[in-house]
Amino acid sequence: ESSTFNLAKLGNIAEKVTGRLQNLTAEDVASAVGIDKRFTQREMKVMQSIVTGEGLTHHLEDKYYQGMGMSAGFVAMVGQELTPLDELGQRDIEEIINSESV
């Protein structure tokens, strides 16, 4: 009976630890090894802005951003998600290039 109780207690502890680990964020992990949580949050925002292209749109002229996107095979329009050029027809691409609104 004593070993059954110990196994039940061990299982209960394992469930609690697993639950906590599933809720960990990158900030929590960095904080656990001594990195300031606020620093980690700022760095994560920078990385997200680079990955999504948002960081570039804030620093480039609209037409330059559009040109960089086109050269990399994407429609890059400020405030919109990147769209691969191969998903558009030739007419759509020409309209984007000639658009004055961008």
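Helices (H or I, at least four residues) and strands (E, at least two) are DSSP runs, numbered from the N terminus. Keep that in mind for names such as β1 and β2, because the loop between those two strands is where M77 sits. One more thing before you start clicking: this is a predicted model.

**Stop 1: the whole protein**

Start with a cartoon view of everything. You should be able to count 6 helices and 2 strands. Trace the chain along its sequence and the pattern reads α-α-α-α-α-β-β-α. Now switch on a surface. The protein exposes about 8,200 Å², and carbon and sulfur atoms account for 56% of that. How many residues does the protein have, and what share is buried? There are 102 residues, and 19% of them are buried. For contacts between residues at least 6 apart in sequence, 19% connect residues at least 24 apart.

**Stop 2: the loop between α2 and α3**

Zoom in on V33, in the loop that links α2 (26-32) to α3 (37-52). Is V33 buried or exposed? V33 has a relative accessibility of 64%, so it counts as exposed. Add I35 and F39 to your selection: together with V33 they make a nonpolar patch on the surface, with about 280 Å² of accessible area between them.

Next, show the side chains of D36 and R38. These two form a salt bridge, with 3.5 Å from N to O. The count for the model is 1 salt bridge. How do its two partners sit with respect to the surface? R38 is exposed because its relative accessibility is 56%, while D36, at 37%, is partly exposed.

**Stop 3: T40 in helix α3**

Move on to T40, which belongs to helix α3. T40 counts as buried because its relative accessibility is 11%, under the 20% cut-off. Which residues does T40 touch, setting aside those up to four places away in sequence? Highlight A26, E27, A30 and I35 to see them. You have met I35 already, as a member of the nonpolar patch with V33 and F39.

**Stop 4: the two sides of α5**

Select helix α5, residues 62-71, and colour Y65, Q66, G69 and M70, which are its buried residues. They span an arc of only 135° around the axis, so they are on the same side of α5. Turn the view to the other side of α5 and you will find Y64 and S71 exposed.

Stay with G69 for a moment, inside helix α5. G69 has a relative accessible area of 8%, so it is buried. Beyond its neighbours within four places in sequence, G69 makes contact with F74 and A76. Try a distance tool too: from the C-alpha of G69 to that of L85 you should read 9.3 Å, although the two are 16 residues apart along the chain.

Then step past the helix to G73. This glycine follows α5 and has a positive phi, near 90°.

**Stop 5: V75 in strand β1**

Strand β1 covers residues 74-75, and V75 is part of it. V75 is buried because its relative accessible area is 6%. What is V75 in contact with, once neighbours within four places in sequence are left aside? Show E81, L82, T83, L85, L88 and I96. For L88, the C-alpha to C-alpha distance to V75 is 9.0 Å, with their positions 13 residues apart in sequence.

**Stop 6: M77, back where we began**

Finish at M77, in the loop between β1 and β2 (83-84). Is M77 buried or exposed? Its relative accessible area is 14%, so M77 is buried. Draw a line from the C-alpha of M77 to the C-alpha of Y65: they are 7.4 Å apart in space and 12 residues apart in sequence. Y65 is one of the buried residues you coloured on α5.

Methods:
Residues are numbered from 1 along each chain as its sequence is written. This is a predicted model: local features need pLDDT of at least 70, side-chain atom pairs count only at pLDDT 80 or more; totals for chains, interfaces and linings use all residues. Side-chain values use heavy atoms; hydrogens and water are left out. A salt bridge is a side-chain nitrogen of Lys or Arg within 4 Å of a carboxyl oxygen of Asp or Glu. Buried means under 20% relative accessible area, exposed over 50%, partly exposed in between (1.4 Å probe, protein chains only). Patches are made of residues with over 30% relative accessible area and no salt bridge: like charges are joined within 9 Å, nonpolar side chains (Val, Leu, Ile, Met, Phe, Trp, Tyr) within 5 Å. Accessible areas come from the Shrake-Rupley method with a 1.4 Å probe; for residues, only the protein chains shown count as cover. Contact means heavy atoms within 4.5 Å. The arc is that of the directions from the helix axis to the C-beta atoms.
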